[in-house]
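Q: Please take a close look at the aromatic rings of this structure, and then place them beside the sheets and the other local features. A careful, connected account would be welcome.

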Amino acid sequence: MSANRQPGRRLYFFSALATALTLLTFFLLCLLILSRGLRLFWPAEVVQFQYPISGQMQQVFGEVVSRQQVNAEQLAAAGLPSHSQAQRVLIKQGQTAGQTAFRWYWQHLSRDWQTPAQLSLLRHFSQGEFYGVVMQENATELQLRLSDNSSRTFLRSDIERVISPNQLSLWGKLQLFAAQWWQFLSTEPRQANSAGGILPAIMGTVLSVLLMALLVAPIGIMAGIYLHEYAKDGRLVRLVRLSVHNLAGVPSVVFGVFALGFFVYVLGGSIDQLFYAEQLPQATFGTPGLLWVSLTLALLTLPVVIVATEEGLARIPQSLRLGGYALGATKAEVLRKLILPVAIPAMITGVVLAMSRAAGEVAPLIFVGVVKYAPVLPLRSEWPFVQLDQQIMSLGLQIYDVGLQSSNADAAEPRVYAIALVLLLLIGSLNLLAMRLRRYYRAKTRSQGA
Amino acid sequence: MTPNAEKPTGSHLPNAQQRQRRSRHRRWLDRGWHALITLAGVSVIATLLAIFVYLLLEVLPLFKPVSAQLQPHAASTPPPALILPSIADDDFAMAAAKAGFTADFQLIDGLKRVIILAKRDGEACVLLRAALSQGCQQRLSLTDRTVQLTAATWLAGQQSLITGDSSGQLKQWYLIADAAGQLRLSWVKPFSQQAASIVAIAAERGRRGFAVLDAKGGLSVFYSALSSPIWQAQYATLSLAQKGVTELRFTPNNDGLWLLNAQQAEGFLAINNRHPEISWRTLWQKVWYESWQQPEYVWQSGGGYELYQGKYSLVPLTVGTLKAAFYALLVAVPLAVLAAIFSVCFLQEPVRSRLSSMIELMALFPTVIIGFLAAIWLAPALEQHLLSLLLYLLLVPAAVWALAYYWHYLPRRWQRLNSSGAMLILMSAILLVGAWVALGLGSWFESLLFDDSLRFWLDQQGVDYQQRNALVIGLAMGFAVLPVIYTVSYDALAQIPQQLTAGAYALGADQWQIVRRIMLPVAMPGFLAAVMLGLSRAIGETMIILMATGNNPITNFNLFEGLRSLTATLTIELPEAAVDSSHYRVLFLVAILLFVFTFAANTLADLVRQRLRRNLQRLE
């Protein structure tokens, strides 16, 4: 092998390495979210063990959340006799007398690990979770023996669910898993977003994005048609086209700043003065709300739709147009009867892509109406069915807020993985749809062009 | 189509009148469509371009020069002077007498912690309440030797003092704690010299501005961070006769200045001075703020109390943004460009387009999820396995280097892997095994060399390691901008016409020579555009930086420390900024900076790409 082939092979290997690293990172990230997100609702084994607390052996009930190796130095810092290595276990022990819901235990100090079948997890609507053994139950009440052997009586109506995971078969676990997912997707959050479901966040995201699509689709498509079909191809139009394309690259937070200043304060303030003057100084539209969220998203994604429309129109063979004109059709007729039917899938692809981009957007929406907690859905039973001035929740902000700002980080973190999974699935399915549409459209134009 | 009576029976064609009506109808429809679409198009484009104009309109008042107008006979009466504690009603007086100091000027702060006594000749004495019996804590001269002290006043907040003397010199003094923790009055800076002896100084209420009157009738308004006056005029131009004005007094909201002569109003000056604290100098240069030890770049916008002096230096935020973008590009550019080269130069068609659409799919990963993973998963993991990461960065390239070197010694059958996607699987295996080895070796080395923890060792060496640092940002945001750079580079490489490479092959060039001598130089503008687009994405990125840094406005490029970017600042502070305040407008200025920079970078990248495409098309 000659020496001059060596650098070529090196380039080949290193570029393969870079590609593999990129793909691997992507897959691992997806896998991480998938595994952590799914694990949240898989019924985990409930354990029981003995642990010395202030000199006395005490019973602990709970679930193992994670294990960690700790080295000698950190052991010394914790004031423990120095082993070379020790393992500590994070136990989710629920509500107990005088202890936190999550607590670290040293593995080497604990004794007598068991997984008794009758150990249950009780989820209370307002007081959190309890681990214990069910002593008595009847139609209205349920008595639970907690880890410190005290017993507590709960009203049936306050209990969300009682689970005994150690008794469940695989099928039972699957059923429970599905039921808990359904509950997560279909109920409202409780306890400062650290328990309950995410229905308002899903609805907020979906509603604002749908409303955005309603706003952006006609306007963006018309602007695209104008730029491609009607505008004369001069220097000015080229400049305009360039700047419209590049607006897609302007940071979304800048659009948020504009939206707060212009939509909320200027536009909303004027609407209030004109139509809701009797309610002032209580602002109706002069304050962040669903309408402004959708408008901001529409503004943000307008360039995406315009670009997609133009690209779709550019793909249509000129012969189609010329044939139409040759038969004496007017420009509007050629557009409506010949071009649009072929180009519509491309435009819809643009709108779907815009929706998927909008669904993941967070930063600009913080200014204009997406909040941490707004459990009431922005829906009404009479026309126009949507409460446009109401503040909403969104999946993206939930990830930011529950993930980083929650006071109960141990309980909140697994939930965020689940929310991220939901958001990812939403965006992924929108993209899949867009891809399908694009493929369909390309096949169609190719057959037309041939 | 109802058959018409005049029409020959049997024909269903429309008659002339119908045809005319119908063609008119069609023409109207055509025009209507044209008008509708043109209207929509033009209005959308106008709206998008109006965004910039609106942002600019919100920012412009910041830089509007101060204006003032004299109203000789104002309707209202001057407001009462601010009541500051006087020396007589306190045991300070006794102490002053004990110190043997008969003062012409007495200044006490609102909390009665400090009293400053000064004589006409400039000699001054600082008394502290905590140590009254010890007499003067500090004796100093407030003027140069031959000139007389003629005016002295606190600025709002009573942390600093402005003095004026008979030579027209104005000086600012701060009360700063020295090394021993003792409050001392220290000279900070002079302001620009006035034409004549200073007659009166008046401090603004609630912010650090003041007005000065000199003996020749020169009237100036200053802001304490700037040494030259922000407004200046002579009595003559104000058309006010000199009537012996001895005192100036601001209205409570600083929009007017009373000219007084022994409690008698001589005139009223309406001043329009909304944002004195913002100027290019305070935004981009070091400013010495009250109770700071030296001039610094500071961004501290919020304040719990009314007298808080907002500190708006854009330098820490800009540096933070550039730092994050720099590390992100450091990660993303080599990976993306290499991946693009691999896809175009070494992969066959079905795998190639599948790979490129996969990487494009990565661009749709919501950044809020990446930010969350970076903050909650990556940052703690990196803190624990920092050494392993370093080892990984050495080990894997070394292994691949060795593999490339000894490849031709392998059996022929294996070498055929070369031309397929199977290489990616081999590389993934190397990466995974490498990670496992690096983790093991990392903890072994750590216990061997660094007392079990590189993190503690770094602390001992004086390196400040913050958990959410620029390294985390570099990796996370690198992942976010990678798809953009990849896509643009891929396009640039894929556009290179076949005959260029085919010709080179025919002349006997090998793959490496073709890539290096033909593909890379030809596609270079494309790479440049890719990097530019990546930079603009990195600068505009918000959620990752917001979540995975400490959001601490510091000015350095340290890899192990956090940062605060322009975008994150907007997200954090805009919802809380009072509408039309200086803070609000500065945040709009930040938005404009982001807008202009990303827009310019994108446009430039677009032009470069278009040019490249034109040039390559000409080759074909």
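A: Rings of Phe, Tyr and Trp, the last taken by its six-membered ring, are treated as a pair if their centres lie within 6.5 Å; planes under 30 degrees apart count as stacked, and planes over 60 degrees apart as edge-to-face. The model is a predicted one, and a search of the whole of it, over all chains, finds 44 aromatic pairs. One of these is formed by A:F258 and A:F262, whose rings are stacked, with 5.3 Å from centre to centre and 10 degrees between the planes. The two residues belong to helix α6 of chain A, which covers residues 252-275, and because they are four residues apart in that helix, about one helical turn separates A:F258 from A:F262. Their surroundings can be described through relative accessibility: A:F258, at 4%, counts as buried, whereas A:F262, at 27%, counts as partly exposed. A:F285 and A:W292 also form an aromatic pair, but an edge-to-face one, with 6.2 Å between the centres and 80 degrees between the planes, and both of these residues are buried.

These residues are part of a wider group, since ring pairs link A:F258, A:F262, A:F263, A:Y265, A:Y276, A:F285, A:W292, B:Y54, B:Y584 and B:F588 into a cluster. Rings also take part in another kind of arrangement, with a charged side chain placed over the ring. A:R88 lies over the face of A:W104, at 4.0 Å from the ring centre, and A:K331 lies over the face of A:Y230, at 4.8 Å from the ring centre.

Turning to the sheets, chain A has an open sheet of five strands, in the order β9-β8-β7-β6-β10, with antiparallel pairing. Its edges are taken by β9 (151-155) and β10 (159-163) of chain A, and because each has a single partner strand, one side of each is left without a neighbour in the sheet. From one strand to the next, the twist of this sheet averages 45 degrees. Within the sheet, strand β7 (residues 128-137) of chain A and strand β8 (residues 141-145) of chain A run antiparallel and are joined by four bridges; A:Q136 has A:Q143, in β8(A), as its bridge partner. Helix α3 of chain A, residues 170-186, lies across β6 (119-124) and β10 of chain A, and runs at about 160 degrees to β10(A).

Chain B has an open sheet of four strands, with antiparallel pairing in the order β10-β11-β12-β13. The edge strands here are β10 (198-203) and β13 (231-234) of chain B, each of which pairs on one side only, and the twist averages 15 degrees from one strand to the next. Five bridges join strand β11 (residues 209-214) of chain B to strand β12 (residues 218-223) of chain B, the two running antiparallel, and the bridge partner that B:V212 has in β12(B) is B:S220.

A last detail returns to chain A, where A:Q69 has its place in strand β2, residues 56-71. With a relative accessible area of 45%, A:Q69 is partly exposed, and its C-alpha atom is separated by 4.6 Å from that of A:Q87, although the two residues are 18 residues apart along the chain.

Conventions
Residues are numbered from 1 along each chain as its sequence is written. Chains are lettered from A and ligands numbered from 1 in the order in which they are written. This is a predicted model: local features need pLDDT of at least 70, side-chain atom pairs count only at pLDDT 80 or more; totals for chains, interfaces and linings use all residues. Side-chain values use heavy atoms; hydrogens and water are left out. Two strands pair if DSSP finds at least two bridges between them. Axes are lines fitted to C-alpha atoms, for helices over the stretch in contact, and angles run from 0 to 180 degrees between N-to-C directions. Contact means heavy atoms within 4.5 Å. Buried means under 20% relative accessible area, exposed over 50%, partly exposed in between (1.4 Å probe, protein chains only). A charge sits over a ring if NZ of Lys or CZ of Arg is within 6 Å of the ring centre and within 35 degrees of the ring normal.
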